[in-house]
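I opened this notebook to keep track of what I looked up in one structure. The entries are short and follow the order in which I went through it.

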There are 2 protein chains.
Amino acid sequence: MNLLTIGSVAYDSIKTPFGSVDKALGGSASYCSLAASYFARPAIVAVVGDDFATADEKILAGKNIDLTGLQKIAGKTFAWGGEYSFDMNSRTTLFTELNVFETFKPVLSEEHKKAEYVFLGNIHPALQLEVLNQIPSPKLVGLDTMNFWMEKALGDLKKVLAKIDILIINDSEARELSREHNLIKAAKIISAMLKQSDKTALIIKRGEYGLLLFSQNLSLRVHPKQSESEIAASPAKALTPRNDIQVFNLPGYPLKDVIDPTGAGDSFAGGFMGYLARTDDISPASLKQACVAGSALASFCVEKLGTERLQNLADGDIEARMKDFKHLTHFEL
Amino acid sequence: MNLLTIGSVAYDSIKTPFGSVDKALGGSASYCSLAASYFARPAIVAVVGDDFATADEKILAGKNIDLTGLQKIAGKTFAWGGEYSFDMNSRTTLFTELNVFETFKPVLSEEHKKAEYVFLGNIHPALQLEVLNQIPSPKLVGLDTMNFWMEKALGDLKKVLAKIDILIINDSEARELSREHNLIKAAKIISAMLKQSDKTALIIKRGEYGLLLFSQNLSLRVHPKQSESEIAASPAKALTPRNDIQVFNLPGYPLKDVIDPTGAGDSFAGGFMGYLARTDDISPASLKQACVAGSALASFCVEKLGTERLQNLADGDIEARMKDFKHLTHFEL
């Protein structure tokens, strides 16, 4: 299956204690599609200025990314500058120049309107909705957003959330959107905001601590279902529904050196959506695997500056790291 | 196997947004031994004053805890008061009255000197060492400590660390002890401070995020070992030793309501050490299971005020929750 991803293609200037890059290929759609390219053929819908270098176009095209939806118009490409302190948790945005992105109105081609797997990157929710309205029958729609839109465009955000299947946000955003500190309770509140179906799922990212996946349709639940016969055999052990949550936890990959956290979240989304598009399987088992795939891509992303590592993964790297996650988490009882 | 646990038996006064208790049975040795009692017969080495109530003694004795090492002397029992804010992460200590604990000099009985599994709770490292020196051939020694001793008695702490097998500390303590922010690097530094053997292990607790278990002898490693034949068959995929860390991650149990976090760390230690003492197995697989057992006990502990929940676990509760951890973390690839 193909994957359509809407977001930004940008020039990033990144300073970290370990090095810096200037005007390097960046933006949510770049990271997301590079990560997804290891599983599927992603198409980017985005806009760049006439300063966008052929070399950067070649990087994306070289990873078999469909660039027919990448508009090139007069003006400058979206530019972002950021600086990380030593602990890599706090980032200072040095500048944000929207440039050609400011007036971006995505119009999908006939081909792209047929998209089955769609990822709406973190842009204005009204734009996300405008894109989604052009796609008559998507199979699965994922969405990323941020606290800025919760504060500035909550109405639009709620409109688009009601039409998407999987929301990917971080823990502070989940708390802000739900107005609830406890993430289990927050997950219940937010899940109810999404389109209700077999496919409804929520991923809450927790930075270095990994993620929680919530879905009403995961077969696993913290208190697993009991059969009637089990309950009849041992009524005292019957579980109450009070803790009836379906949740899966995946830790962050333990890295000795994080070089540049930029794009980790977008790489996760790309790996996650790409994996689902490749397998064309949105069963609970596949959702969990997709979380592992996304986390693997995010862990590679931060190992080098900018998109460098995502451009150069070798055969077997991803598979090996996905197995690493199993070594990290599994135990026998 | 029996388990000897040294620590405090105290009267706790706890205020939380959900309720409060006054002069309730508490202290590290109480939480630890109550948790351990579901797996082994723990013996407490501690001191109480003549105000220590028969009813509280009965609570401990009723869980088959060996109290022959619990000295009762003239004076008042160690008393602690604390208050939690709504987010349960910040705690204010209202008072600490050491009382009879101030001059506590643990002297072990001949029976207790034969202890095989020993847990040295969080007391002055010089005292921990004094206890350990009375036990000629322990099979496994675990230790808890805190940042206070790193600042006030680092020399003593390093002396006792060099004689113990398993250190259980939290992430900020690990960073302070190692002077290293990255936990993977910190784990390497701290592990080298411990007694070096097959049994050397380090557990870094991360609050609601769970824990990391490090050991040179876990069979799992982030980059798993490859056999000579595997490398010969596919030399390009040979793993480098750069990431040669052996680590296991266990998340925290997702709780909708945390009523009182007091004693969670001690309950973890009790469940962990108790499980090892029961199985008398310190293989990597058993260490991981013991982490699950400890985390299960800690998750029960916080469900009610004080030690209430630990006093009243039903048959099957712990086993069911240990299985829950598997549902929470496992996936197929």
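The entries below cover cysteines, two helix pairs, two backbone angles and one loop residue.

**Entry 1: the model.** I noted before anything else that this is a predicted model.

**Entry 2: cysteines.** I asked how many disulfides the structure holds over all chains. The count is zero. I then looked at single cysteines in chain A. For Cys291(A), the closest cysteine sulfur is in Cys32(A), and at 14 Å it is too far for a bond, because a disulfide needs the two sulfur atoms within 2.5 Å. Cys301(A) is in no disulfide either, and its nearest cysteine sulfur, again that of Cys32(A), is 11 Å away. I also checked whether these residues are buried or exposed. Cys291(A) has 0% relative accessibility and counts as buried. Cys301(A) is buried too, with a relative accessibility of 0%.

**Entry 3: helices H4 and H6 of chain B.** I looked up how H4(B), residues 125-132, packs with H6(B), residues 154-161. Their axes are 8 Å apart, and the angle between them is about 30°. Angles under 35 degrees count as roughly parallel, so H4(B) is roughly parallel to H6(B). I recorded the crossing of the two as left-handed. Which residues meet there? From H4(B) I listed Pro125(B), Ala126(B), Gln128(B), Leu129(B) and Leu132(B). From H6(B) they meet Asp156(B), Leu157(B), Lys159(B) and Val160(B). By class, the contact of H4(B) with H6(B) has six nonpolar residues, one polar and two charged.

**Entry 4: helices H7 and H8 of chain B.** I did the lookup for H7(B), residues 171-178, and H8(B), residues 183-191. The two pack at an angle of about 60°, and their axes are 9 Å apart. H7(B) and H8(B) are therefore oblique to each other. H7(B) passes H8(B) in a left-handed crossing. On the H7(B) side, I found Asp171(B), Ala174(B), Arg175(B), Leu177(B) and Ser178(B) in the contact. On the H8(B) side are Leu183(B), Ala186(B), Ile189(B) and Ile190(B). I sorted the residues of the contact of H7(B) with H8(B) into six nonpolar, one polar and two charged.

**Entry 5: positive phi.** I looked for this because most residues other than glycine have a negative phi. Arg179(B) is not a glycine, yet its phi is positive, near 60°. I placed Arg179(B) in the loop between H7(B) and H8(B). Is Arg179(B) buried or exposed? Its relative accessible area is 73%, and Arg179(B) is exposed. Asn64(B), also not a glycine, has a positive phi of about 65°. I found Asn64(B) in the loop between helix H2 (54-62) and strand E5 (70-73) of chain B. Asn64(B) has 43% relative accessibility and counts as partly exposed.

**Entry 6: a loop residue in chain A.** My last lookup was Ala162(A), in the loop between helix H6 (154-161) and strand E10 (166-170) of chain A. Ala162(A) is partly exposed, at a relative accessible area of 42%. I asked which residues Ala162(A) touches, leaving out those up to four places away in sequence. They are Met193(A), Leu194(A) and Lys195(A). I also noted the C-alpha atoms of Ala162(A) and Ala192(A): they are separated by 8.7 Å, while the two residues are 30 residues apart along the chain.

Terms used: Residues numbered from 1 in each chain as written. Chains lettered and ligands numbered in written order. Predicted model: local features only at pLDDT ≥ 70, side-chain atom pairs only at ≥ 80, totals over all residues. Heavy atoms only, no water. Buried < 20%, exposed > 50% of the residue type's maximum accessible area, 1.4 Å probe, protein only. Axes fitted to C-alpha atoms, helices over the stretch in contact; angles between N-to-C directions. Helix = DSSP H or I, 4+ residues; strand = E, 2+ residues; numbered from the N terminus. Parallel < 35°, antiparallel > 145°, perpendicular 65-115°, else oblique. Left-handed = near helix turned anticlockwise from the far one by under 90°. Contact = heavy atoms within 4.5 Å. Nonpolar A, V, L, I, M, F, W, Y, C, P; charged D, E, K, R; others polar.
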